[in-house]
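Colleague: Before I use this model in my own work, I should like to go through it with you point by point. May I put some questions?

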Amino acid sequence: MIVGQAGFSIQGQKSLGRIFLEYGCGQGSTCGPRGACVYTGLAMSCIFCKIVEGSIPSKAVHQDELSYAFADIDPKAPVHVLVIPREHIAALSEADESRKALLGHLMWVAAEVAREQGLGAGYRVVVNNGKNGGQAVDHLHLHVMGGRQMAWPPG
Ligand code: 5GP
Ligand code: ZN
């Protein structure tokens with residue numbers, strides 16, 4: 001979805017949602033101002049893309065031009081943060097070689113989030129990938145979990 005993907009890579013989280021709300025995305029057949037726009041394409045049906053653009057609310061924890069980190073809606077630990085790329089990448093296995101630097105950046109952000117959240121005693125970073133990996137949301141995300149003793153092996 002050309003406009004969405006271009007927007008995600010260059011726009012701030014709030015500004016893209018505002019642009020779509022005020023002007024429409026320019027792509028859909030019924031596109032128009034103030035909510036008449038029909039989003040098209042995979043990225044626009046993705047809940048984490050909507051969180052990035054700001055049309056689904058979230059509790060921001062950390063953000064930069066490439067990534068957004070927010071509190072998990074159903075935390076499995078006292079601290080449970082999701083780190084996602086602003087760009088729609090469906091899964092770790094879908095990231096091609098051109099995304100190597102971005103993947104490293106996301107890992108660095110996970111460590112930054114852990115520091116900011118006071119997880120000096122330790123924490124876990126998890127990426128669920130695909131059906132057998134237990135991935136429920138098809139937008140790459142790193143779980144940063146801490147604030148309690150983690151068990152091993154995971155289920
Ligand atoms: P997965 O199972 O795909 O690795 O993890 C998806 C995570 O996204 C789950 O921990 C789930 O609680 C979280 N999640 C799903 N929908 C939302 C949402 O709308 N907002 C937030 N903040 N988290 C969500
Ligand atoms: Zn997405």
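Colleague: With which residues is Ala110 in contact, leaving aside its neighbours within four places in sequence?

Modeller: This is a predicted model, in which local features need pLDDT of at least 70 and side-chain atom pairs count only at pLDDT 80 or more, while totals for chains, interfaces and linings use all residues. Residues are numbered from 1 along each chain as its sequence is written, and chains are lettered from A and ligands numbered from 1 in the order in which they are written. Two residues are in contact if their C-beta atoms, placed from the backbone, lie within 7 Å. Once neighbours within four places in sequence are set aside, the contacts of Ala110 are Val83, Val125, Leu142 and Val144.

Colleague: Between which domains does the largest nonpolar core lie?

Modeller: A nonpolar core is a set of buried Ala, Val, Leu, Ile, Met, Phe, Trp, Tyr and Cys residues joined through C-beta atoms within 7 Å; a residue is buried if 20 or more other C-beta atoms lie within 10 Å of its own, exposed if 12 or fewer, and partly exposed in between, with C-beta atoms placed from the backbone. The largest such core has 25 residues, and Ala69, Val81, Val83, Ile84, Ala110, Val113 and Val144 have the most contacts inside it. At least two residues each come from helix 3 (47–53), strand 2 (67–71), strand 3 (79–85), helix 4 (100–116) and strand 5, helices (H or I, at least four residues) and strands (E, at least two) being DSSP runs numbered from the N terminus. Because both domains, whose bounds come from an automatic or database domain assignment, give residues to this core, it lies between domain 1 (1–57) and domain 2 (58–155).

Colleague: Is Tyr68 buried or exposed?

Modeller: Tyr68 is found in strand 2, and its C-alpha atom is separated by 6.8 Å from that of Val52, 16 residues apart along the chain. Because 26 other C-beta atoms lie within 10 Å, Tyr68 is buried.

Colleague: Does Lys59 count as buried or exposed?

Modeller: Lys59 sits in the loop between helix 3 and strand 1 (60–63). Leaving aside neighbours within four places in sequence, Lys59 is in contact with Phe70 and Ala71. Since Lys59 has 10 C-beta neighbours inside 10 Å, it counts as exposed.

Colleague: What distance separates the C-alpha atoms of Leu92 and Leu140?

Modeller: Leu92 lies in the loop between strand 3 and helix 4, and with 18 C-beta neighbours inside 10 Å it counts as partly exposed. Apart from neighbours within four places in sequence, Leu92 is in contact with Val127, Asn129 and Leu140. Leu92 and Leu140 are 48 residues apart along the chain, yet the separation of their C-alpha atoms is 5.9 Å.

Colleague: Which residues come nearest to ligand 1?

Modeller: A residue is near a molecule if its C-beta atom, placed from the backbone, lies within 6 Å of it. Of the 14 residues around ligand 1, those that come nearest are Ile73, Asp74, Asn128, Ala136 and Val137.

Colleague: Which residues does the cis peptide bond join?

Modeller: Most peptide bonds are trans. Pro153 is placed in the segment after strand 5. With omega about 0°, the cis bond joins Trp152 and Pro153.

Colleague: In which element is confidence lowest?

Modeller: The pLDDT, the predictor's confidence in each residue from 0 to 100, averages 81 over the protein, and 72% of the residues score at least 70. Confidence is highest in strand 5 (residues 142–146), at 99, and lowest, at a mean of 32, in helix 1 (residues 2–10).
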